[in-house]
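Work through the exercises below with the sequence and the structure in view, and try each task before reading its solution.

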Amino acid sequence: MQNHYETTVIITPVLSEEDVKLTIQAHLDFLKANGSEIIQEDYWGLRKLAYPIKNKTTGIYFVTEFKGPSDIIDKLELNLRRDENVLRFLTVKLDKYAIEYNDKRRKGLIGKKKEKTENS
């Protein structure tokens, strides 16, 4: 059975841009190699952390929404824990409302302001 998940990964900010891309690509390749389908990739970039992690006050955020088998989470989290470039990560299982919300957001139905027409 395939479930929908969303994983947020915070990558250490000391990496070069190329190393960040390689870290993200390795994460995506791992998911694909273990039977997952990537639905959306979102690169948030460098952001300030709420509290220092490993003496870092900033981190590079990357969010992945994917569909995968139920046993993928244990494998994914083990893989992320072994990666020295990853400061923190969080995976959540999406319910039907979150899936619908993300789908509408991708289509631009949520989160964008409507343009005013001449009649309004």
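**Exercise 1: the two sides of helix H2**

Task: Find which residues of H2 are buried, and decide how they are placed around the helix axis.

Solution. In this predicted model, the buried residues of H2 are Ile 72, Ile 73, Leu 76, Glu 77 and Leu 80. These residues lie on the same side of H2, because the arc they cover around the axis is only 120°. The general rule behind such a pattern is that an α-helix has 3.6 residues a turn, so residues three or four places apart point the same way. The next step is to look at the face of H2 turned away from the buried side, where the exposed residues Asp 74, Arg 81 and Arg 82 are found. Finally, ask what lies over the buried residues of H2: the cover includes E1, H1, E3 and E4.

**Exercise 2: the two sides of helix H1**

Task: Determine which residues of H1 are buried and which elements cover them.

Solution. Begin with the extent of the helix: H1 runs over residues 17–33, and its 17 residues reach 24 Å from the first C-alpha to the last, close to the 24 Å expected at 1.5 Å a residue. Buried here means under 20% relative accessible area, and in H1 this holds for Val 20, Thr 23, Ile 24, His 27, Leu 28, Phe 30 and Leu 31. They cover an arc of only 155° around the axis, and therefore sit on the same side of H1. On the other side of H1, Leu 22 and Ala 33 are exposed. The cover over the buried residues of H1 includes strand E1 (2–11), strand E2 (37–53), strand E3 (56–69) and helix H2 (72–82). After H1 comes Gly 35, which has a positive phi, near 85°.

**Exercise 3: the order of the strands**

Task: Establish the order in which the four strands form the sheet, and find which strands stand at the edges.

Solution. The four strands form an open sheet in the order E2-E3-E1-E4, with antiparallel pairing. E2 and strand E4 (86–93) stand at the edges with a single partner strand each, so one side of each has no neighbour in the sheet. Neighbouring strands of this sheet are turned against each other by 20° on average, direction ignored.

The individual pairs can then be taken in turn. E1 and E3 pair in the antiparallel sense over ten bridges, and Gln 2 has Pro 69 in E3 as its bridge partner. E2 and E3 also pair in the antiparallel sense, over eleven bridges, and here Glu 37 has Lys 67 in E3 as its bridge partner. Between E2 and E3, which form a hairpin, there are two residues, and Lys 54 in the turn has a positive phi of about 50°.

To place a further helix against these strands, note that helix H3 (residues 96–106) lies across E1, E2 and E3 and runs at about 100° to E2.

**Exercise 4: the nonpolar cores**

Task: Identify which residues touch the most other members of the largest nonpolar core, and which elements supply this core.

Solution. The largest nonpolar core has 18 residues, of which Ile 11, Val 20, Ile 24, Leu 31, Phe 66, Ile 72 and Leu 76 touch the most other members. E1, H1, E3 and H2 each supply at least two residues of this core, and the largest share, five residues, comes from H1. For one of these residues the contacts can be followed: Ile 24 touches Ile 11, Tyr 43 and Phe 62, when residues up to four places away in sequence are not counted. A second, separate core of five residues includes Leu 49, Ile 53, Tyr 61 and Leu 87.

Terms used. Residues are numbered from 1 along each chain as its sequence is written. This is a predicted model: local features need pLDDT of at least 70, side-chain atom pairs count only at pLDDT 80 or more; totals for chains, interfaces and linings use all residues. Side-chain values use heavy atoms; hydrogens and water are left out. The expected span of a helix is 1.5 Å times one less than its number of residues. Buried means under 20% relative accessible area, exposed over 50%, partly exposed in between (1.4 Å probe, protein chains only). The arc is that of the directions from the helix axis to the C-beta atoms. Contact means heavy atoms within 4.5 Å. Two strands pair if DSSP finds at least two bridges between them. Axes are lines fitted to C-alpha atoms, for helices over the stretch in contact, and angles run from 0 to 180 degrees between N-to-C directions. A nonpolar core is a set of buried Ala, Val, Leu, Ile, Met, Phe, Trp, Tyr and Cys residues joined through side-chain atoms within 4.5 Å.
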